[in-house]
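The report below describes a protein chain through its strands, its surface and its charged contacts. Please keep the sequence and the model in view while reading.

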Amino acid sequence: MQPINTTAFALQHTLLIPAHFWDLVCPLAYPKDAWLKFEEDGSLRLYRPPDTKVVKAIRGLSSEVSSITAMMPNSSDIWVACGSSVKLFSFAQQLVQSHENALTVIQVGENEGDVVNEICLSDNQKTLAFTTDSGTVGVVDLTTKSIQRMKTQHNSICATARFITDRPSEVISGGYDSALLHFDFRQGTILSRREFASLPQSSVVSLSPPFVLCLSVSSTGAIAAGTADGQLWIGLGGDKRVSVKKTRKWEGLRKDMSLSRKIADGPIVALAFLDPTTIVTSTLLGIISQHSLRIEGKAEDWGSSRSRLHRPNALQRSMV
């Protein structure tokens, strides 16, 4: 097997912030190079590193902010998941905003206790997908604001969801039932599924089941999933680079076109494709690893380099 290249991390900025944060991403087109931090007290703060001064903020939301996703490109709008609803804000407005400044509020949970865990936008920016504590996977048509919930649910909390690249009507979700579900929401059907089992125990015993905590889909259609027992699973059945023949179906969950490896002793809480051959993962303890993939026939192997961040909950590739 040929050697695998790895890339070390280089520290560019350190931003000292006063409170524990749940997520730190830089997805905004406006203002450029901004970092958006959200906290459990229902607030969001916008920074422009290396300056530690808050540029703009949203405060006084009704519940803890669980997820955010930004409109792209050339937009200052951002969707915020808060409690059982999603809210649209614009950072082009005043410096400090509150719940009353939301441009749109959509109740997507079945009830007040059905908390939204994650939201994401389709590539064409026309549809918003959401996941909830009840196990629901749903989508919102952003033109009509209509809500559609999938009839098939996860048997436990649904933690994460992503749209399939170049298939705007297809969504894949992962949950605490250790399963991946692949939907076509226009047809209202489930197309495929994958269930995870615990890997054979090594010298280090994992007390966590293989709950699916995070997902990412590459620009070529590969999928990566991170689990609570430290597995990084990669599905290549839908990857355009390895497909032998053209097919109308996305087959990213095929068992014979996937591989899995235990890369951590604890939960993998976040991951993202930086490009079709590079994945960044983060564990609950803050170990960030960059994995460089190389195709070897019908499978891939990977190498990695590591850094550390204090207990992140999500990673997102910047689109600016």
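## A salt bridge to begin with

With which residue does Glu251 form a salt bridge? The partner is Arg254, and the closest N and O atoms of the two are 3.4 Å apart, where a salt bridge is a side-chain nitrogen of Lys or Arg within 4 Å of a carboxyl oxygen of Asp or Glu. Arg254 also meets the side chain of Asp256 in a salt bridge (2.7 Å, N to O), and salt bridges that share partners thereby join Glu251, Arg254 and Asp256 into one network.

Glu251 counts as partly exposed because its relative accessibility is 30%, and Arg254, at 34%, is partly exposed as well, whereas Asp256 is exposed, with a relative accessible area of 53%. Here buried means under 20% relative accessible area, exposed over 50%, and partly exposed in between, with a 1.4 Å probe and protein chains only.

## Basis of the model

This is a predicted model, in which local features need pLDDT of at least 70 and side-chain atom pairs count only at pLDDT 80 or more, while totals for chains, interfaces and linings use all residues. Residues are numbered from 1 along each chain as its sequence is written, and side-chain values use heavy atoms, with hydrogens and water left out.

## The chain as a whole

The protein chain has 25 strands and zero helices, both taken as DSSP runs numbered from the N terminus (helices H or I, at least four residues; strands E, at least two). Of its 320 residues, 51% are buried. The accessible surface comes to about 15,200 Å², 50% of which belongs to carbon and sulfur atoms, as computed by the Shrake-Rupley method with a 1.4 Å probe.

## Strand pairing

An open sheet of four strands follows the order S10-S11-S12-S13 with antiparallel pairing, two strands being paired if DSSP finds at least two bridges between them. Its edge strands, S10 (116-121) and S13 (146-149), each pair on one side only. Within this sheet, S11 (residues 127-132) and S12 (residues 137-141) are joined by five bridges, and Thr131 stands opposite Val137 in S12.

Elsewhere, S7 (residues 85-90) and S9 run antiparallel and are joined by four bridges, with Val105 in S9 as the bridge partner of Lys87. Along S9 (residues 104-107) the side chains alternate, so that Thr104 and Ile106 point to one face and are buried, while Val105 and Gln107 point to the other and are not.

## A link between distant loops

Among the seven salt bridges of the structure, one joins the side chains of Lys240 and Asp166 (2.3 Å, N to O). The two residues lie 74 residues apart, Lys240 in the loop between S20 (231-235) and S21 (258-262) and Asp166 in the loop between S14 (158-164) and S15 (167-175). Both Lys240 and Asp166 are exposed.
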